[in-house]
Amino acid sequence: MQLIIQGLYSYQEKQTIDFTKLTAANLFGIFGTVGSGKSSILEAITFAIYGRTDRLNLSGDNRYYNMMNLKSNELLIDFVFETGKEQTAYRATVKGKRNGKNFEDVKALNRSAYRKNGNEWIPIEVAELEQAIGLSYDNFKRTIIIPQGQFQEFLQLGNKDRTQMMKELFNLGKFEFYYKVTALENKNNAQKQNIEGQLQQLGSVDAEQLKQFKSQLEQLENELKEQNTKLAEYQKSEEELRKLQDLAKRKSEAEKAYKSLQEQEPVVKQLEQKVSRFEQCVIQFKHLLDGLKSTNEKVQIREKQLQQDEEKLKLQENEIGTLNKKLEALKPAYEKREELKQKAEELGRLIQMKTLEQTISKENERLEKGTQVCTEYEKNLEQLKTQKQELEALIKVSKGKMPDLELLAAVKTWYTEKHLLEKELPVILKELDENQKATSTLQNSVDKLLEEAGIGKLPEIEYSSIVQILQDKTKKAKEKQKVLNEQESHFRVKAQLKAYSENLEEGAPCPLCGALHHPDVLKTEDLNDTLLKLSAEKQASEKEQEQLSDWISRINLLKKQQEMIHQQKNALLQKQKAQLERIEAHAKKFVWENYRVETELVKAFQEARRIQGELKKQDDLLEKLGKDIDKKGNDFKRFQVEVDKIRTVLTVQQTELKTLENQLRLIKAETYQEVKIEQIEAEKSKLQKEHNQLEKSFTEITQQITEKSKLRDTLYGGVQAGKKELEQDKQSLEKLKQQTKEQLEKSTYNSIDEVTAILSEQFNPDQEKQRIAHFKDQFLRAKSLLEQLQKDIGERVYDQDAHQKLNADIALLKEQLVRKNQEQGKIAEQLKKLQKDLESQAALRKELEKLELRAENLKTMKSLFKASGFVNYISSVYLQNLCNAANDRFFQLTRQKLSLEITPDNNFQVRDFMNGGKIRSVKTLSGGQTFQAALSLALALADNIQKITESNQNFFFLDEGFGSLDKESLGVVFDTLKSLRKENRIVGVISHVEEMQQEIDVHLRIDNHEERGSRIWASWME
């Protein structure tokens, strides 16, 4: 297992923890002052695996910014571990970077996961890490890595939370059957209700009704056959009368239509004459009148337009004359404009020259300073190189004085192991002494119990004899109880018979035998006092049996304690012997005569540390000198480059200044020697504006003259063309007037006004022609229809009364048929439904019986699994097993004084054997006892987790605030932790308490340096 941290919280530089040597010691520690970064190691592991941390929330705490070290721009967590039956290797990495442009912007950290296959790391989903471990984040913190302040959480959890934890840890959800049974019950009830509803809908079904329905159906079919034949005859007669009625009605309507059309005939003929006269007028005059109108309008428009164009032409000629005068006045200045432009350009060159002169002056100053700095840097660089050579020689001398650290480490390891072995002997002797005290305490408890039971003291603790005596007493008490029960039953029967006899009346039947005569009625005394006395004796007997049962339980418990104490004593004696043998064997391994006295080893280590300290200071100084030399050398080169650049720039600028001076023609540089650049700029700007204004004015006037000349020419051409077209239109108008006059003389009309009046009427000849043609067509059709209808009717006469009577008879007959058809359908449907209902009823009743039987079974199952009862029961079993496993350790740690028990509501309580085995709350335990109880439970949990995950390593990490414990409680903690060395498990402890560091030899020490952040030091490297 290995962990690499960089840029996380107080860890600035990359730090690597190889847990191999730590786990080899079984019990190891991680120590440091408050805020040094101890707990950050556990947080790095949990964040790498689960992506979660209790210290910072995902939202609201700006988590990623606050997780990253403020002096770091990158964050790295690289955690390698093994888990599972095959000890498969997994790797979890976390990487992040700070935004270079925004210091507070740290994007979400990138988490990756890998599984080792051979020598390659295969990428996997990060969720597979949690699956491989087999624990949720919360349960991981409760059983494997326990964060600070949460060590006692499992001991103090509520029933609900602890049960939920047990369900998650041991996959007890598979025993949650209540909801499945409820779903089955709901489904079964729904099916049962459905079938019951169907049976209710069926109602009572009688098989005898089938015969009645069949007889009625046969009779109705015969009656329907006769009435259908009669209806067909009536319908045939009615159809003939209906046809005759229709012909008579149509003849009457045809006569009316023909008469109406005869009355309209004179009006239609008059309309024909009007249409003929209108069409003649249109042919002869309409085109001439339309031509006169349009030509006259065109002449008027042309005359008006010609007048407007002549006025515009005159206006344009006046404006062109005015612009020509302005242009002539501007020409002399315009022709000299280039001289203004050239002078402005030379003023610009003069400004460049003055700017260059200022720049050259500044560059000369820079060149002088740069040359001086380069000289000083070169001198300092030579001095630093000399100091470095002297320091390297001094370091070589110090390294020669360094003792053999590997040899010293081996000697220190021997002494460390020697001290560990020697420390165990007092512990074993103390445990033997406590074992003897426990034996005495046990004897006192037995004597007290014998005194309570009234047995008296025995020469030795013979548990079998005591139990036999108590069992004999219990047997006698049970026999007495049996006799009392029989007596009570006898007297209660007599009391009941007395109650019956007192209620007997002559002539009334006896409730027992039914007899009406009662010649010899039972006479007895009052039994209530006797029954009360028997009840009191029974209660006393039951209480005695309970007391005897309690004494037997207690004596069995004391017997078990005696066996445990005896086994512990044998184990301690064997352990003492083995420890002495190990001490003797270890002493034979010593081969370093120079360090036979341990103080010599201490002095050697002190000398080594002193030399290491000097070497470190010299190395740091050498490193600093090297960095200073590199920096000075780089600065010297950089300054030299800058000085060369200044010389080059000066040469270029001086050449450019000479070139600009040679380009001056119209002005002299000496004239402007005392003039400021701002004044020259103002003069240059004035000349440029004057030049630009001349060009702009001349161009604008020229452009205006050109545009107005084009418009004048266009207007002149339009005027000439308009005059010519106006003359042509006038000639056309006169020609049309002459043609109209000639046509009027040839026609039958008296004047042109008459023609105009006719044509101006709102009259549509085509529409009127269609009306005339439509009328003629209607007239012919009406005459033809009337003749045809007269022929079809002939001599027949329609009788309306006979027709109405026949229709009434048909309607009555149809109504009768409908009723009988409905009755027939109803009976047929009832017959069909009755047959179907009989079949359905039988099937439904059979299915209902099955469902009711299933409902009873499901009800029984539901009561078993209600409110997670079955799961809670299984959880209680697991919790009891866990408690038993924890007690194996807790009972020994407390010197057989305390044990843990489970209450009916799945909470923990303590049985105190120092106080007669009474029960008390876990909250009454001292700090050290609470630690022992919580540790025992946590280790038992870890054992179970190891079995579930099939891991070969039993790993347990504790980050506990030991600083809150008093001295006595700390002593209990030390003894407890030391006892773990004898077990095949790995326990890591994080603490800032100095006493803890003295008790745990193999450890890491964390320092938080102000400049370099948290750094890790191993105890075996000190």
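Two strands count as paired if DSSP finds at least two bridges between them. This rule applies throughout what follows, and the model it is applied to is a predicted one.

A good place to begin is strand E10, which covers residues 908-912. Strand E10 and strand E11 pair in the antiparallel sense, and four bridges join them. One position in this pairing can be picked out by residue: Arg 911 stands opposite Ile 919 in E11. The two strands belong to an open sheet of three strands, ordered E9-E10-E11, in which the pairing is antiparallel. Strand E9 (898-902) and strand E11 (918-921) are the edge strands, each pairing on one side only. On average, neighbouring strands of this sheet are turned by 40 degrees against each other, direction ignored. In a regular strand, side chains alternate between the two faces of the sheet.

Strand pairing is also found at the start of the chain. Strand E1 spans residues 2-6 and strand E2 spans residues 15-18; the two pair in the antiparallel sense over four bridges. Within this pairing, Ile 4 has Thr 16 in E2 as its bridge partner. E1 is also joined to strand E4 (residues 74-83), here by five bridges, and these two strands run antiparallel. In this second pairing, the bridge partner of Leu 3 is Phe 79 in E4.

The helices come next, beginning with the contacts of H14, which runs over residues 598-662. Helix H10 (residues 337-400) packs against H14 with the two axes 6 Å apart and an angle of about 160 degrees between them. Angles over 145 degrees count as roughly antiparallel, and H10 and H14 are therefore roughly antiparallel to each other. H10 passes H14 in a left-handed crossing. Sorted by class, the contact of H10 with H14 has 25 nonpolar, 13 polar and 17 charged residues.

Helix H11 (residues 405-453) also meets H14: their axes come within 11 Å and cross at roughly 135 degrees. That angle makes H11 oblique to H14. The crossing of H11 and H14 is left-handed.

Salt bridges give another view of the chain, and the structure holds 28 of them. One joins the side chains of Lys 730 and Glu 303, with a distance of 3.6 Å from N to O. This pair links distant parts of the chain, since Lys 730 lies in helix H15 (residues 677-746) and Glu 303 in helix H9 (residues 209-335), 427 residues apart. Lys 730 has a relative accessibility of 36% and so counts as partly exposed. Glu 303 is likewise partly exposed, with a relative accessible area of 36%.

Other salt bridges lie within a single helix. In H14, Asp 620 and Lys 616 are four residues apart, about one turn of the helix. Their side chains meet in a salt bridge at 3.3 Å, N to O. Asp 620 counts as partly exposed at 37% relative accessibility, and Lys 616 is partly exposed with a relative accessible area of 43%.

Helix H18 (residues 800-865) holds a pair with this spacing: Lys 805 and Asp 809 are separated by about one helical turn because they are four residues apart. The closest N and O atoms of their salt bridge are 3.6 Å apart. Are the two partners buried, partly exposed or exposed? Exposed means over 50% relative accessible area, so Lys 805, at 56%, counts as exposed. Asp 809 has a relative accessibility of 28% and counts as partly exposed. Salt bridges can also join into a network, as they do in linking Lys 631, Asp 635 and Arg 638.

A last pair of residues shows parts of the chain that are far apart in sequence. How far apart are Glu 223 and Lys 820 in sequence and in space? They are 597 residues apart in sequence and 8.3 Å apart in space, taken from C-alpha to C-alpha. Glu 223 lies in helix H9, which also contains Glu 303 of the salt bridge with Lys 730. With 27% relative accessibility, Glu 223 counts as partly exposed.

Note on methods:
Residues numbered from 1 in each chain as written. Predicted model: local features only at pLDDT ≥ 70, side-chain atom pairs only at ≥ 80, totals over all residues. Heavy atoms only, no water. Axes fitted to C-alpha atoms, helices over the stretch in contact; angles between N-to-C directions. Salt bridge = Lys/Arg side-chain N within 4 Å of Asp/Glu carboxyl O. Buried < 20%, exposed > 50% of the residue type's maximum accessible area, 1.4 Å probe, protein only. Parallel < 35°, antiparallel > 145°, perpendicular 65-115°, else oblique. Left-handed = near helix turned anticlockwise from the far one by under 90°. Nonpolar A, V, L, I, M, F, W, Y, C, P; charged D, E, K, R; others polar.
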